[in-house]
Amino acid sequence: MPAESSYRHIVAAWLVHAYTASGVVLAFLMFVAVMEGDTVRALWLFLVAMLVDGTDGMLARWVQVKRHVPWFDGALLDNIVDYITYAFMPVLLLWSTGHLGDGTSATVLAVVPLLASAYQFCRVDAKTEDHLFLGFPSYWNIAAFYVVVLDLRPAAVAAVLLVCAVLVFVPVGYVYPSRTTLLQRTTLALTCLWLVSYGVLLVQLPDPSRVWLAISVAYVVYYVGLSLHLTMRRSRAVRAGA
């Protein structure tokens with residue numbers, strides 16, 4: 001135990017780790033929802049998992065978990081939870097609802113994003129020093145959300161999943177909403193609005209409002225646009241320093 005760590009600090013650190021680990025509980029509840037055919041309930045659980053994932057890192061830095069519990073790897077725990085909730089369960093949901101088609105082709109299509117994400121979560125440079133995700137950051141839960149909301153056909157779903165799987169290996173930097181410094185307040189505000197739109201669209205299913213859908217998609221456009229801008233800026237900085 002570090003000499004400067006009081007029991008209060010250690011308890012706080014473990015509570016943050018427990019908060020991160022709650023994602024495993026959410027994943028199990030997602031599995032139950034998928035097996036029971038309750039797609040909307042599963043999507044609500046995806047939203048809760050995103051809220052946990054979006055706040056546990058900030059709590060961990062505030063509590064200084066690495067300082068007070070240095071023998072426990074919270075980042076590894078976070079990656080395990082994120083792989084299950086961001087990759088495995090969304091793909092299982094799409095497979096179970098028939099959005100991936102039928103038969104062997106559906107199974108192969110399901111495996112592709114899972115393998116791509118397995119690579120993504122294991123690369124040591126997945127998060128850059130300037131707080132970007134390198135390569136598509138395995139937002140399969142978000143992809144699954146739009147597939148359900150827009151009721152996309154299997155051919156369209158296959159195109160989306162395959163393109164995103166390829167983008168895992170393309171060195172584009174994607175915004176890390178809670179840590180990317182450029183336009184951080186704007187990004188956080190718009191992220192909160194997007195989360196609200198997610199909930200509103202779920203409530204409105206199966207007939208989502210075009211206005212709320214436009215708000216939701218506009219955030220995605222903003223996110224991708226800012227990510228491309230930051231990637232180009234990083235490339236210019238590298239060339240200038242060469």
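Helix 6 and helix 8 are oblique to each other in this predicted model. Their axes lie 11 Å apart, and the packing angle is about 40°. An angle of that size falls outside the roughly parallel class, which ends at 35 degrees, and below the roughly perpendicular range, which starts at 65; the pair therefore counts as oblique. The crossing of helix 6 past helix 8 is left-handed. On the side of helix 6, the contact is made by Ile142, Phe145 and Tyr146. Helix 8 contributes Trp194, Tyr198, Leu201 and Leu202. By class, this contact holds 7 nonpolar residues, with no polar and no charged ones. The spacing of such positions can be read against helix geometry. With 3.6 residues a turn, an α-helix has residues three or four places apart pointing the same way.

Helix 6 spans residues 140-150. Of its 11 residues, 10 are buried, so the helix is largely enclosed by the rest of the structure. The buried set begins with Trp140, Asn141 and Ile142. It continues through Ala143, Ala144, Phe145 and Tyr146, and closes with Val147, Val148 and Val149. Ile142, Phe145 and Tyr146 thus appear both in the buried set and in the contact with helix 8. Several helices cover these buried residues. Among them are helix 2 (39-63), helix 4 (74-96) and helix 5 (103-122). Helix 7 (154-167), helix 8 (184-204) and helix 9 (210-241) also take part in the cover. Just after helix 6, the backbone at Asp151 takes a positive phi of about 50°.

Two further buried residues sit in helices that cover helix 6. Ser197 belongs to helix 8. Its relative accessibility is 0%, so Ser197 counts as buried, the limit being 20%. Beyond its neighbours within four places in sequence, Ser197 is in contact with Trp212, Ile215 and Ser216. Asp82 is found in helix 4. This residue has a relative accessibility of 8% and therefore also counts as buried. With residues up to four places away in sequence left out, Asp82 touches Asp53, Ala87 and Phe121. Ser6 lies 76 residues from Asp82 along the chain, and the C-alpha atoms of the two are separated by 30 Å.

A second helix pair was examined in the N-terminal part of the chain. Two packed helices are described by the angle between their axes and the distance between the axes. Helix 1 covers residues 7-35. The axes of helix 1 and helix 2 come within 9 Å and cross at roughly 165°. Helix 1 is therefore roughly antiparallel to helix 2. The crossing of this pair is left-handed. The residues of the contact divide into 20 nonpolar, 4 polar and 2 charged.

Cysteines were also checked for bonding. The count of disulfides is 0. Cys122 is in no disulfide, and the nearest cysteine sulfur to its own is that of Cys164. From the sulfur of Cys164, the closest cysteine sulfur, in Cys122, is 19 Å away. That distance is too far for a bond, because a disulfide needs the two sulfur atoms within 2.5 Å. The two residues also fall into separate accessibility classes. Cys122 is exposed, with a relative accessible area of 65%. Cys164 is buried, with a relative accessible area of 14%.

Conventions: Residues are numbered from 1 along each chain as its sequence is written. This is a predicted model: local features need pLDDT of at least 70, side-chain atom pairs count only at pLDDT 80 or more; totals for chains, interfaces and linings use all residues. Side-chain values use heavy atoms; hydrogens and water are left out. Buried means under 20% relative accessible area, exposed over 50%, partly exposed in between (1.4 Å probe, protein chains only). Helices (H or I, at least four residues) and strands (E, at least two) are DSSP runs, numbered from the N terminus. Contact means heavy atoms within 4.5 Å. Axes are lines fitted to C-alpha atoms, for helices over the stretch in contact, and angles run from 0 to 180 degrees between N-to-C directions. Angles under 35 degrees count as roughly parallel, over 145 as roughly antiparallel, 65 to 115 as roughly perpendicular and the rest as oblique. A crossing is left-handed if the near helix is turned anticlockwise from the far one by less than a right angle, and right-handed if clockwise. Ala, Val, Leu, Ile, Met, Phe, Trp, Tyr, Cys and Pro count as nonpolar, Asp, Glu, Lys and Arg as charged, and the others, Gly among them, as polar.
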